[in-house]
Each structure stands twice: as structure tokens, then as C-alpha cells.
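Here's a walk through one chain, from its strands and helices to what sits inside. Have the structure open and turn it as you read.

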Amino acid sequence: MKNLQGLVSFVESAAAGSFTAAAARLALTPAAVSKNVIALERQLQVRLFNRSTRRLKLTGEGEAFLANASEALRLLDDAVNQVTRASGEPAGRVRISSGISFGRRYVLPLLPRLAARHALLQVELSLDNRAVDLVAEGYDIGVRGGMIPDSSLVARRVAQLPVALVASSAYLRQHGAPATPAELPQHRLLGVRFASGQIATWHFRKSFGRVTREWEPTARIWASDPESLVDLALAGHGITQTGLHHVVPWLRSGRLKVLLAAQHEPGQREIVLHYPHRQFLSARVRVVVDALLEHFKQQQELLVDPRELPAEWLA
């Protein structure tokens, strides 16, 4: 393969969705990236992208070529790692995909320490709440909710992410706390509606613990990010359902209270760390995986059990 620049430009453009975005990643101009891809297409005698004024779309041939091209670059990175491993210093780029809220709070703060510890390591964090194909899009590590059905990936459970209903102490002083789920429609509710239009429903259970009802909140204010609604709840604007880990500091301070704890179902959602099979794990990826797992263990709010909340956290 003589056209390494074209290969790199093609893989980055496919991942980023445009020559402009790929150029920013590669520290090139969009024209240079486009020129590299065109040269690669000429060499292969096949069109890899269908181009429009706003975005790129892989052709069928491009999709077939992308998996092999990404693997070829990964093997090249690993070859570099083999050379640098003798010095004990991992080198190269590690791409991480994470949801927006979790990534900003729990992944991003670790990156400066990694950069300071490993001078030859580059870590790139992509924050996005959409469904991501980690392998096809060239990510080394995924920090995502739930399991990804890909046998080439290892899945390591990081933590459960139970949800809770919360409201501010100020709101409860003015409006009172609902004693049962049936009273919720009488309150100001803050609901989550994702960009897809899907609504995050609330679940309730009988006293013996079985989930019996899925309820769509009768909210008047909606947002696509649950954490943003915590800001409104803190300001006294209503009741919202959010991840317990988002609100532990406010529960400790007394600014927020958990509602209907005995009746609300916290769910089974969890955060999982995904990465290539151990047999193919490079030094650069291994050092980041180990650092992330150790970092997550130190986050006390991820260890809170919704069944054992302190009495002072409850309304």
C-alpha cells in the first residue's frame, strides 16, 4: 500500500462524516484531505464516497473497504507500539466514545492526568448520545450504557446507574411531596424527551417489588438531557427523574430530596466499558483501560445503592 496518506484521510473522513472535520483531526486543510482521498480512489479504481455539499456517504465499496482499512491502520499503530514498548512508554492515539453527561463528568477529568503521565499518548474523547458502532467507526474504547452484541469486544461492567425522582427542598416546602404516584399529575413535572422523540418513562412497583406500571410523565417542560433538568429541579421548578449519580452531591447538601423511594423503580441500567479482545489489546489501549477502571472505582457516587439511601435524603 503506497498511499498511506490517502488511507488515513479516508478512514478519518468516514469517521468524521466530512473532509473538514477529518482535516481538523489530522491538522491538514480540507483540500488536502480531499486530494488524498481522490488519489486513493484513483489507485483503487473505485469510488469510496458519494459527495454532497454538506456531507459524505460511503458507497457500498467504501463500506466494505473501511473495515479492512481501519484494521490495517490499527495493525500499523500496534507495530509502532511494539517498537516503543521496549522503552516502557505506550505511544499513539486512543479514541474513546462516551455518552455526553457521563463522559464529561467521569471520563474527561481523567484525560489531563493521562497526558501528563504518558508523553507519547494521545487520547481523543467523542461525546455523543447516539448509538455508536465502535468497530466500524474506529473507536478503541466505548463507555456506554448496556451491552453491545459484538464478540470481538470485551465488556467490563463499571457501575449500575439507578434513577430516582427528585425535587428541591424549596419546591417541597411550597407544594408538598406526593405520597403516591397517583398524586404526581398534580405537580410540576420535568420530563426527558430524546432527540428521536422517545420519552423516558417512569416506572413504579407494588410493595412486594415487582414492576407493575410504566408511566409517561405529564410534564410541561421537556429536555433531551436528564442532567439539564436537574438544574431546573434545583431552582425549584418541579420534579424530575434522573440518574442517582447526577444528584448525590445535592442530596448530601439537602438541596434535593428523593421522592417515592419505596414505590419508584430505579431500573436496571448500567455503564459498561467496551474494548477489543484481550488477545488484540495494544499497550496504548491497555494503559487507558486500566486507568479508566481505576478512576471509576474512586467515584463514590457511582457506588450508591438506591435500596440503602440515608433517611435524610428522602422526602
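Which residue in β14 does Val 143 stand opposite? Leu 273 is the one. Before going further, bear in mind that this is a predicted model.

**The chain as a whole**

The chain has 315 residues, and 46% of them count as buried. Its secondary structure comes to ten helices and 14 strands, and the C-alpha trace spans about 70 × 45 × 35 Å along its principal axes. If you take the contacts between residues at least 6 apart in sequence, 73% of them join residues at least 24 apart.

**The sheet around β5**

Let's start where that opening pair sits. Five strands make up an open sheet, in the order β4-β3-β5-β14-β6, with mixed pairing. The edges are β4 and β6, each of which pairs on one side only. From one strand to the next, the twist averages 20°. α5 packs on this sheet, where it touches β3, β4, β5 and β14, and its direction makes about 145° with that of β4.

Here is how some of the strands pair up, this time with one from the other sheet thrown in, which we'll get to below.

| Strands | Sense | Bridges | Residues standing opposite |
|---|---|---|---|
| β3 and β4 | parallel | seven bridges | Val 94 and Val 123 |
| β3 and β5 | parallel | three bridges | Ile 96 and Ile 141 |
| β5 and β14 | antiparallel | four bridges | Val 143 and Leu 273 |
| β7 and β12 | antiparallel | four bridges | Val 166 and Thr 240 |

As for β5 itself, four of its five residues are buried, so this strand is largely enclosed by the rest of the structure. Val 143 gives a good idea of the surroundings. Leaving aside neighbours within four places in sequence, its contacts are Ile 96, Ser 97, Ser 98, Gly 99, Phe 102, Val 107, Ile 271, Val 272, Leu 273 and Phe 296.

**Two nonpolar cores**

Which residues touch the most other members of the largest nonpolar core? They are Ile 141, Val 143, Leu 273, Val 288, Leu 292 and Phe 296, out of 29 residues in that core. Two or more residues each come from β3 (92-98), α5 (100-107), α6 (111-117), β4 (121-127), β5 (141-145), β6 (153-160), β14 (270-276) and α10 (283-297). The largest share belongs to α10, which gives eight residues. Another core lies apart from this one; it has 19 residues, including Ala 223, Val 230, Leu 251 and Trp 313. As a general backdrop, nonpolar side chains tend to be buried together in soluble globular proteins.

**The other five-stranded sheet**

Now swing over to the strands in the order β11-β8-β12-β7-β13: these five form an open sheet, again with mixed pairing. β11 (221-223) and β13 (256-259) are its edge strands, pairing on one side only. Neighbouring strands here are turned by 40° against each other on average, direction ignored. Inside the sheet, β7 (residues 163-168) and β12 (residues 239-243) are antiparallel partners.

Two helices lie across these strands. Helix α8 (residues 226-234) crosses β7, β8 (189-192), β11, β12 and β13, running at about 170° to β8. Helix α9 (residues 244-253) lies across β7, β12 and β13, at about 115° to β12.

Which residues of α9 are buried? Leu 244, His 245, His 246, Val 247, Val 248 and Leu 251 are. Their cover includes α5, β7, α8, β12 and β13. Just after α9 comes Gly 254, which takes a positive phi of about 90°.

**A helix pair closer to the start of the chain**

Finally, have a look at helix α2 (residues 19-26) and helix α3 (residues 30-44). They pack at an angle of about 105°, with their axes 8 Å apart. The two are therefore roughly perpendicular to each other. On the α2 side, Phe 19, Thr 20, Ala 22, Ala 23 and Leu 26 take part, and they meet Pro 30, Val 33, Ser 34 and Val 37 in α3. Sorted by class, this contact has seven nonpolar, two polar and no charged residues.

How values were computed:
Residues are numbered from 1 along each chain as its sequence is written. This is a predicted model: local features need pLDDT of at least 70, side-chain atom pairs count only at pLDDT 80 or more; totals for chains, interfaces and linings use all residues. Side-chain values use heavy atoms; hydrogens and water are left out. A nonpolar core is a set of buried Ala, Val, Leu, Ile, Met, Phe, Trp, Tyr and Cys residues joined through side-chain atoms within 4.5 Å. Buried means under 20% relative accessible area, exposed over 50%, partly exposed in between (1.4 Å probe, protein chains only). Contact means heavy atoms within 4.5 Å. Two strands pair if DSSP finds at least two bridges between them. Axes are lines fitted to C-alpha atoms, for helices over the stretch in contact, and angles run from 0 to 180 degrees between N-to-C directions. Angles under 35 degrees count as roughly parallel, over 145 as roughly antiparallel, 65 to 115 as roughly perpendicular and the rest as oblique. Ala, Val, Leu, Ile, Met, Phe, Trp, Tyr, Cys and Pro count as nonpolar, Asp, Glu, Lys and Arg as charged, and the others, Gly among them, as polar.
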